[in-house]
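Open the model in a viewer and keep the selection box at hand. The stops below are meant to be taken in order.

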Amino acid sequence: MKLRSLLRRTAAVLLILCLLLPATGCGGRSAPDGDAPVVGDLTYESTVPLSYADQFAIYRYEGGYSLIDMVNSDRMLVVPEGATVPEGLDGDIVVVQQPLDHIYLAATSAMALFESIDALDAISFVGSNHWYTDSAAQALADGTFVYAGKYNAPDYELLLGGGCQLAIESTMILHNPEVKEKMVELGIKTVVERSSYENHPLGRTEWVKVYGALLGREAEAEAAFTAEADKIAALEGLDPTGKTAAFFYISSGGNAVTYKTNGYVPAMIRIAGGEYIFADLGLEDDSKLSTVNMSMEQFYDAAREADVLIYNCSIASQLYTLEDLLDLSPVLEDFKAVQSGDVWCTTESMFQQTDKMGTIIQEMNAIFSGAAGGDALQYLFKLQ
């Protein structure tokens, strides 16, 4: 009898707890995995799986709602077309109602991701006059895109008058926080994407899932990401090539600008089967800067014996020949790669091609393995 009485009391307590605490999984608003945030009166369904990215999360809720949560940045609630904005939202959530067709894209690295899911029609305003993807350049030329000023000097009047629904900024805006504050003050919804903080190169490509969720193109985003991830998977298990590589450009002051050892460009080299020539460069620097300035003397001492040189023309002026390179710094003539003719250059578009990280890594592998030839590569070419 005592046991039966105890069980009845326990059941009654559990029932009361379920009634008082609906967000714990007994009903109503729920987060079964323990991590999904409670969003107004919405009911959590699932979390979008991520393979490489760690700077965002996407949570799905009943009714087609999605919460995009960017680490140490903004949260966006995507509201389906025709649906109502839920009650009880946290004040910091940026509510975005579909459909979206008047975006101001100031984050240049995101353009290729929009293009990869056939979503350029969602963009009306851009923050650059220089695009290396053909579709974006054409859209700017024919007036489909309107230049609305750089990230740090937007044309507020143009954006307001043009009905801008959302401004997507890169972390460059953090150097001018007053600009974002002004945008928000004027009623222009503004978020800061953090793809540049991804350590794995495919993490940057995986940001396509953010724009897929934002625009209702999740299937297209998954397909675009998988296509690049499959190219990386094809390299797994291959033996290292044993080739050392330096990736750099020469600044206007004559210094060599290269990448920290733990950055995403050295990661691309390693995934491609190469070995980054700098074993521990910049590891003591806790800043978010990914590049390191070196005197030419320092660069000479550390990189002269690199098997392969890759010159970064996506940042510096375009080179075409070894003579162009030696005009910038004649001492490079002593470098092993220059003497063997294993010097390569990126195209100007490479860093705008965040949708092609797997392809670029494949091309690096072709260089390191000796399989690259002629005009077979899209984003890297040999200096003659």
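The tour of this predicted model goes from aromatic pairs to a pocket, a helix, an arginine and some backbone details.

**Aromatic pairs**

Ring pairs with centres within 6.5 Å are the topic here. By that rule there are 11 aromatic pairs. Select Phe 56 and Trp 207: the ring centres are 4.9 Å apart and the planes meet at 65°, so this pair is edge-to-face. Now colour by secondary structure. Phe 56 belongs to strand β2 (residues 56–61), while Trp 207 sits in the loop between α6 (201–205) and α7 (208–215), so the pair ties together parts that are 151 residues apart in sequence. Are these two residues buried or exposed? Phe 56 has 4% relative accessibility and counts as buried; Trp 207, at 0%, is buried too.

Next select Phe 248 and Tyr 311. With ring centres 5.3 Å apart and planes at 90°, the pair is edge-to-face. Phe 248 is part of strand β11 (residues 244–250) and Tyr 311 of strand β15 (residues 308–311), so parts 63 residues apart in sequence are tied together by this pair. Phe 248 is buried at 1% relative accessibility, and Tyr 311 is buried at 1%. Extend the selection to Tyr 276, Phe 278, Phe 299, Tyr 300 and Phe 335, which form one aromatic cluster with Phe 248 and Tyr 311.

**The largest pocket**

Switch to a surface display. The largest pocket holds about 1,700 Å³ of space. Which of its 49 lining residues are closest to the centre? Select Thr 171, Met 172, Ser 196, Arg 204 and Ser 290 to see them. Strands β12 (256–259) and β14 (291–294) each contribute at least two residues to the lining. Stay on Arg 204 and add Tyr 264: the arginine lies over the face of the tyrosine ring, 3.4 Å from the ring centre.

**Helix α9**

Select residues 264–271, helix α9. Six of its eight residues are buried, so the helix is largely enclosed by the rest of the structure. The buried residues are Tyr 264, Val 265, Pro 266, Ala 267, Met 268 and Ile 269. Show the surroundings as well: the elements covering these residues include α6, β11, β12, β13 (275–276) and α13 (357–369). Just after the helix, Gly 273 has a positive phi of about 95°.

**Arg 75**

Move to Arg 75, in strand β4 (residues 75–79). At 14% relative accessibility Arg 75 is buried, the cut-off being under 20%. Its side chain makes a polar contact of 2.7 Å with the side chain of Asp 92. Beyond residues up to four places away in sequence, Arg 75 touches Pro 37, Leu 67, Ile 68, Asp 69, Asp 90, Asp 92, Ile 93 and Val 94.

**Backbone details**

Most residues other than glycine have a negative phi, and most peptide bonds are trans. The last stops depart from this.

- Select Gln 98 and Pro 99: a cis peptide bond joins them, with omega about 5°. Pro 99 is in the loop between β5 (93–97) and β6 (103–105).
- Select Asn 72, which has a positive phi of about 50° although it is not a glycine. Asn 72 is in the loop between β3 (65–70) and β4, and is exposed at 73% relative accessible area.
- Select Asp 118, another non-glycine residue with a positive phi, near 55°. Asp 118 is in the loop between α2 (111–116) and β7 (123–126), and is exposed at 60% relative accessibility.

Definitions and conventions: Residues are numbered from 1 along each chain as its sequence is written. This is a predicted model: local features need pLDDT of at least 70, side-chain atom pairs count only at pLDDT 80 or more; totals for chains, interfaces and linings use all residues. Side-chain values use heavy atoms; hydrogens and water are left out. Rings of Phe, Tyr and Trp (its six-membered ring) pair if their centres lie within 6.5 Å; planes under 30 degrees apart count as stacked, over 60 as edge-to-face and the rest as tilted. Helices (H or I, at least four residues) and strands (E, at least two) are DSSP runs, numbered from the N terminus. Buried means under 20% relative accessible area, exposed over 50%, partly exposed in between (1.4 Å probe, protein chains only). A charge sits over a ring if NZ of Lys or CZ of Arg is within 6 Å of the ring centre and within 35 degrees of the ring normal. A polar contact is a pair of N or O atoms within 3.5 Å; within protein, one must be able to donate a hydrogen and the other to accept it, and residues adjacent in sequence count only if both atoms are side-chain atoms. Contact means heavy atoms within 4.5 Å. On a 1 Å grid over the protein atoms alone, a cavity is a set of points where a 1.4 Å probe fits but cannot get out, and a pocket is an open set with protein on both sides within 12 Å along at least five of seven lines; lining residues have an atom within 4 Å of a point. Grid points are joined across faces, edges and corners, and a volume is the space filled by probe spheres set on the points.
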